[in-house]
Amino acid sequence: RIGRADDPVGDTISSTVDHCHLPRTTTMVVGSSNPPLQVVLGSRASSDSSATQCAAESSAIRSNSTAYILGTSAYPRLGSGLKLKIDGRVPMEDRKAPLSQFRPKSLLLSTFRVVAINISSTLSTYFSDQLTSEQDNEKLVDDGEITPYEADEMNEEWESREWQKRMDILPKKIEYALLRFHACTALMRFYELIIGRYILCVDGNARLESGSIPGRDNSTYEHSVDVMDKLTRDPFQASLRTSQILHNQEHSPGKVLSSDGKETSTSSELYEQMYTTCFWANIIPFLAELTVQHGVLLYGYGVYYMEKKRRRKEREMSNNDDDEQCKDEQDETEPVDETAYALSILFRSSHLTFSRGVSLIAASVGGAVGSVIYPGWGAIFGIQIGDTSVGALLD
């Protein structure tokens with residue numbers, strides 16, 4: 001017999017297995033008061049749509065009750081007294097392990113993705129520049145400055161030169177992109193660790209101290225877990241789950257009730273929810289990317305500054321050069337004023353921060369639009385397109 005704070009007498013526990021989900025998923029209804037207390041053991045989430053649909057139906061049926069989670073070995077991060085999400089998902093279920101990017105499957109997929117993006121980018125840039133070069137040559141032919149035969153020779157020379165040049169730098173470009181990708185991923189996991197353990201206090205000893213059982217005041221801990229869950233959501237899975245839930249909640253074809261109780265189209269509600277989801281889920285990745293870009297910026301300025309100092313020192317120590325040669329090289333070797341140097345770094349840093357902020361908004365819009373068009377992969381491609389578009393305009 002287990003009692004509640006508002007039910008000192010207590011009632012027996014009725015245990016039922018949720019057959020819509022994994023066999024280990026068990027829901028215990030404790031107490032007879034309205035609403036009854038439910039305790040869920042294990043995960044009620046699944047990757048397939050049928051499980052998501054069943055979770056949505058279960059949530060709809062049990063809308064008058066509250067479901068809690070008991071910490072299990074499957075989800076060691078979680079304390080007791082946490083509520084399941086509306087899609088039947090365990091809070092912070094999408095959060096990745098610190099070194100998950102080095103698992104064989106993840107490493108293979110990420111490497112293929114980075115290589116494919118860089119090859120396609122190189123080819124698209126090459127063909128775009130080739131078209132521009134041919135148009136310039138055609139203009140010269142129309143003006144009578146060169147003959148068509150000379151234009152063909154110039155086009156062939158350009159193709160041979162530029163193709164070889166771009167193929168030579170492609171391996172280094174891919175190597176740099178892979179290094180940058182893993183640096184950003186490592187920073188993401190580091191930021192998640194800092195936020196989870198020291199800021200939101202949902203990991204480690206802070207979790208044990210903050211967690212509580214149902215019936216006690218744990219609103220602060222639940223809010224922290226909710227924020228951490230938003231920051232670590234997987235946009236791909238979130239797009240599939242949100243789309244399935246909204247379609248299950250339609251009271252008429254293409255119509256659902258929004259969070260404020262007003263009737264709206266399913267597409268509009270999906271867009272609004274996915275925009276918020278994508279925005280939260282991309283905060284840490286974009287912060288990691290911004291950190292790496294600032295590191296590269298400071299490193300480049302540092303190398304440039306040290307090279308300037310080295311040239312100046314060599315010029316001062318050289319007594320064999322004549323005065324005329326020193327005068328010709330003075331402008332090139334003159335060190336940059338430190339104030340101008342600091343202002344230049346500040347300007348570039350502000351530009352990077354603004355660019356990444358706009359990219360975050362554009363990526364969130366792209367993910368929301370992609371989810372409406374094709375839930376799942378549409379969100380991934382939409383985020384990528386939004387980020388790339390802003391990068392091409394502002395970087």
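**Charges and exposure**

User: Why is aspartate 129 called partly exposed?
Analyst: This is a predicted model, and in it aspartate 129 has a relative accessible area of 30%. Buried means under 20% and exposed means over 50%, so aspartate 129, at 30%, lands in between.

User: How do you know that aspartate 129 and arginine 166 form a salt bridge?
Analyst: Their closest N and O atoms are 2.9 Å apart. The cut-off is within 4 Å, so the pair qualifies. The bridge ties together distant parts of the chain, with aspartate 129 in helix α2 and arginine 166 in helix α3, 37 residues apart.

User: And what makes arginine 166 buried or exposed?
Analyst: Its relative accessibility is 14%. Since buried means under 20%, arginine 166 counts as buried.

User: What makes glutamate 93 and arginine 241 a salt bridge?
Analyst: Their side chains meet at 3.7 Å, N to O, which is within 4 Å, so that one passes too. It also links distant parts of the chain: glutamate 93 sits in the loop between β7 and α2, arginine 241 in helix α6, and 148 residues separate them.

User: How do those two, glutamate 93 and arginine 241, get their exposure labels?
Analyst: Glutamate 93 is at 22%, between the 20% and 50% limits, so it's partly exposed. Arginine 241 is at 5%, under 20%, and therefore buried.

User: How do you know that arginine 356 and aspartate 387 are bridged?
Analyst: Their closest N and O atoms are 3.3 Å apart, so they're within the 4 Å limit. Arginine 356 belongs to helix α10 and aspartate 387 to helix α11, 31 residues apart. By accessibility, arginine 356 is buried at 8%, while aspartate 387 is partly exposed at 21%.

User: What makes Glu93, Asp94, Arg233 and Arg241 one network?
Analyst: The salt bridges among them share partners, and that joins the four. The structure holds 15 salt bridges.

User: Why is aspartate 143 called exposed?
Analyst: Its relative accessible area is 51%, and exposed means over 50%, so it makes the cut. You'll find aspartate 143 in the loop between α2 and α3.

User: What makes up the negative surface patch?
Analyst: Its members are Glu138, Asp142, Asp143, Glu145, Glu150, Asp152, Glu153, Glu156 and Glu157. Asp and Glu count as negative, so the name fits. Patch residues need over 30% relative accessible area, and Asp143, at 51%, clears that. Helices α2 and α3 each supply at least two residues, with α3 giving the largest share, 5 residues.

How values were computed:
Residues are numbered from 1 along each chain as its sequence is written. This is a predicted model: local features need pLDDT of at least 70, side-chain atom pairs count only at pLDDT 80 or more; totals for chains, interfaces and linings use all residues. Side-chain values use heavy atoms; hydrogens and water are left out. Patches are made of residues with over 30% relative accessible area and no salt bridge: like charges are joined within 9 Å, nonpolar side chains (Val, Leu, Ile, Met, Phe, Trp, Tyr) within 5 Å. Accessible areas come from the Shrake-Rupley method with a 1.4 Å probe; for residues, only the protein chains shown count as cover. The place of a charge is taken as NZ of Lys, CZ of Arg, CG of Asp or CD of Glu. Helices (H or I, at least four residues) and strands (E, at least two) are DSSP runs, numbered from the N terminus. Buried means under 20% relative accessible area, exposed over 50%, partly exposed in between (1.4 Å probe, protein chains only).
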